[in-house]
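Please examine the sequence and the model below, with attention to the surroundings of the ligand.

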Amino acid sequence: KVTKEFTANLPKAELHLHIEGTLEPELKLKLAKRNHVDIGQTTIKEVQKTYEYDDLASFLAVYYPAMEVLQKEEDFYELAFEYLQRAAANNVRHVEIFFDPQAHTSRGVAFETVINGLYRAVVDARALNVDAALIMCFLRDFSKESARKTLLEALPYKDKFIGIGLDSDEHNNPPLKFARQFEDAAAEGLHLTAHCDIDQKDSIEHIRQALEIMGVERLDHGTNIVEDIDLVQFAAKNKIGLTSCPLSNGYVSPEMKGKEVLELLRQDVKVSIHSDDPAYFGGNIGDNYYAIAERYNLTKDQVVKLARNSFETSWISEEKKALYI
Ligand code: ADE
Ligand code: ZN
């Protein structure tokens, strides 16, 4: 039987983790005080009381305003380094961290402040035996012009991140809106991934655009793909990674989507388990593995396969990959 200890100790790669979603109430309050930002709460209990959401939009409405406490390079460093210490304790050997520059530049924080702080933590994580890298996400509810501006701002720092992604509110914001930005990022040698959140209005069409037109290597969430046999076959054949987040799913839907994950394993699709926004969805990556294993009676072999998929679809070097799969 799969135990909590087993899932905690399992060596894993974290591929779906928003650094802004690791902002724990303690650090939120500490930074609010240090930066003189009034967030409207002064105790951990009060902060936790604001964590009320049952869909993507209501979650994002709590998520973005909290970022106001992140102001200086040191704040971004502390946010990332504290997360990386927790990841090391959870036996995360490799992590590809999403960050949302527009959530910061849109409120006057410079791009370089964000990336320099985060990247310094990535470098310092080597001492923790965690191999870390950054993925820059575009906010899909912002314009494509804003994404273009962000990409141009980011390119001078191209040695500090390995790929681009697409997140935030998917409703009426299809992947194709950013086709040119993805094309240009790929030409710069960057890896590509995109959120296709669960149960969206146009889930299958969005997955199709991301896979067939934009050539993404992974889909974040993306489990609605099970509704379309052709896309499932395409994903299996091309070893597309699907990064599912059970606890996050449980917040925005009645289901953790375990049946879909099991079906994808059966169809030989490279699905894996991740934590999304652990400070907001009540658990780290080990807890996410445990939650799905317990709820859907996964075997140890299935859990190990999910972890192996996480290394296999990661963007680490082939030599490092060979250590884990
Ligand atoms: N930003 C942080 N978490 C997200 C999620 N699950 N979907 C879309 N945008 C996000
Ligand atoms: Zn996400």
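The following paragraphs treat the ligand shell, the annotated positions and two residues in their settings.

The model is a predicted one. Around ligand 1 stand H18, G21, L56, D167, S168, H195, D197, S248, D276 and D277. By character, this shell comprises 5 polar, 4 charged and 1 nonpolar residues.

An unreviewed UniProt entry lists H16, H18, H195 and D276 under "binding site". These positions span 261 residues in sequence, yet no two of their C-alpha atoms are more than 11.7 Å apart, so they gather at one spot. Of the positions in that record, H18, H195 and D276 also appear among the residues around ligand 1.

H18 may be considered next. H18 belongs to strand β1, which covers residues 12–18. Is H18 buried or exposed? H18 counts as buried, because 26 C-beta neighbours lie inside 10 Å, and the cut-off for a buried residue is 20 or more. Apart from neighbours within four places in sequence, the contacts of H18 are F98, D276 and D277. Of these contacts, D276 and D277 are also listed in the shell of ligand 1.

D276, by its position, lies in a loop, the one between β8 (270–273) and α14 (278–281). This residue has 27 C-beta neighbours inside 10 Å and therefore counts as buried. Which residues does D276 touch, not counting those up to four places away in sequence? They are H16, H18, G21, C245, S248 and F281. Among them, H16 and H18 are listed with D276 in the UniProt record, while H18, G21 and S248 belong to the residues around ligand 1.

How values were computed: Residues numbered from 1 in each chain as written. Chains lettered and ligands numbered in written order. Predicted model: local features only at pLDDT ≥ 70, side-chain atom pairs only at ≥ 80, totals over all residues. Near = placed C-beta within 6 Å. Nonpolar A, V, L, I, M, F, W, Y, C, P; charged D, E, K, R; others polar. UniProt positions renumbered as here; feature names shortened; annotations may be inferred. Helix = DSSP H or I, 4+ residues; strand = E, 2+ residues; numbered from the N terminus. Buried ≥ 20, exposed ≤ 12 C-beta atoms within 10 Å, placed from the backbone. Contact = placed C-beta atoms within 7 Å.
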